[in-house]
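Open the model in your viewer and keep the selection tool at hand. Each stop gives you something to select, then tells you what is there.

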Amino acid sequence: MTGFVLVALGGMAGALSRFGVQKLMPQSMLPVATLTVNLLGSFLLGWIVGQGIQGNLYLFAATGFMGAFTTFSTLNVDLVKLFSNKQNKAVVLYLVCTYIGGLLSAASGLIIGRLL
């Protein structure tokens, strides 16, 4: 039961944090807020794994917080909107920044987490 509560609390904090980032970020052609939370979340999740965090803290931070902070569903909604508006260059740029950037962010977080 403790694990469930920790994941739920982490999820609540992560969702509220994502909401805050999205409210602070300016609107532009590219969904910068979603890209920011996904890249930052990838980095932080890599850092958590690199630190070797386990147990209850992992449930709260990695599963709960990062699970709600990052968003694959909003990424896809953004892509459909861009595609529907015939912004093909933005679709490609957003995909490349998200996936390549996400992998690089996670790898950087992992390396930094292991070094610290």
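Start at the second largest pocket. Its lining holds 9 nonpolar residues, 9 polar ones and no charged ones. This is a predicted model, so treat every value here as computed from it. Now select Asn 38, Gly 41, Ser 42, Thr 70 and Gly 102. Among the 18 residues of this lining, these lie nearest the centre of the pocket. The volume of the second largest pocket is about 270 Å³.

Which helices each supply at least two residues of this lining? Colour helix 2, helix 3 (55–69), helix 4 and helix 5 (88–115) to see them.

**Next stop: the largest pocket**

Move to the largest pocket, with about 320 Å³ of space. Select Gln 27, Pro 31, Ala 33, Thr 34 and Asp 78. Of the 17 lining residues, these are the closest to the centre of the largest pocket. Here the lining has 9 nonpolar, 5 polar and 3 charged residues.

Now show helix 1 (2–24), helix 2 (32–51) and helix 4 (72–84). Each of them gives the lining of the largest pocket at least two residues. Which helix supplies the largest share? Helix 4 does, with 4 residues.

**Step back: the whole chain**

Show the chain as a cartoon. You should find 5 helices and 0 strands. Along the sequence, the pattern reads α-α-α-α-α. Along the principal axes, the C-alpha atoms fill a box of roughly 45 × 30 × 20 Å.

**How the helices pack**

Two numbers help at the next stops. Two packed helices are described by the angle between their axes and by the distance between those axes.

Select helix 2 and helix 3. They pack at an angle of about 165°, and their axes are 10 Å apart. Are these helices roughly parallel or roughly antiparallel? An angle over 145 degrees counts as roughly antiparallel, so helix 2 and helix 3 are roughly antiparallel to each other. Their crossing is left-handed.

Now show the side chains where they meet. On helix 2, pick Val 37, Leu 40, Gly 41, Leu 44, Leu 45 and Ile 48. On helix 3, pick Tyr 58, Ala 61, Ala 62, Met 66 and Phe 69. This contact of helix 2 with helix 3 comprises 10 nonpolar residues, 1 polar residue and no charged residues. You have met Gly 41 already: it is one of the residues nearest the centre of the second largest pocket.

Go on to helix 4 and helix 5. Their packing angle is about 160°, with the axes 8 Å apart. That angle makes helix 4 roughly antiparallel to helix 5. The two cross in a left-handed way. From helix 4, select Phe 72, Leu 75, Asp 78, Leu 79, Leu 82 and Phe 83. From helix 5, add Asn 88, Ala 90, Val 91, Tyr 94, Leu 95, Thr 98 and Tyr 99. Together they make the contact. By class, the contact of helix 4 with helix 5 has 10 nonpolar, 2 polar and 1 charged residues. Look again at Asp 78, which is also among the residues closest to the centre of the largest pocket.

**Last stop: helix 1 and helix 3**

Select helix 1 and helix 3. What angle do they pack at? About 35°, with their axes 6 Å apart. Helix 1 passes helix 3 in a right-handed crossing. The contact of helix 1 with helix 3 has 11 nonpolar residues, 9 polar and 1 charged.

Definitions and conventions: Residues numbered from 1 in each chain as written. Predicted model: local features only at pLDDT ≥ 70, side-chain atom pairs only at ≥ 80, totals over all residues. Heavy atoms only, no water. 1 Å grid on protein atoms, 1.4 Å probe; cavity = no way out; pocket = protein on both sides within 12 Å on 5 of 7 lines; lining within 4 Å. Points joined across faces, edges and corners; volume = space filled by probe spheres on them. Nonpolar A, V, L, I, M, F, W, Y, C, P; charged D, E, K, R; others polar. Axes fitted to C-alpha atoms, helices over the stretch in contact; angles between N-to-C directions. Parallel < 35°, antiparallel > 145°, perpendicular 65-115°, else oblique. Left-handed = near helix turned anticlockwise from the far one by under 90°. Contact = heavy atoms within 4.5 Å.
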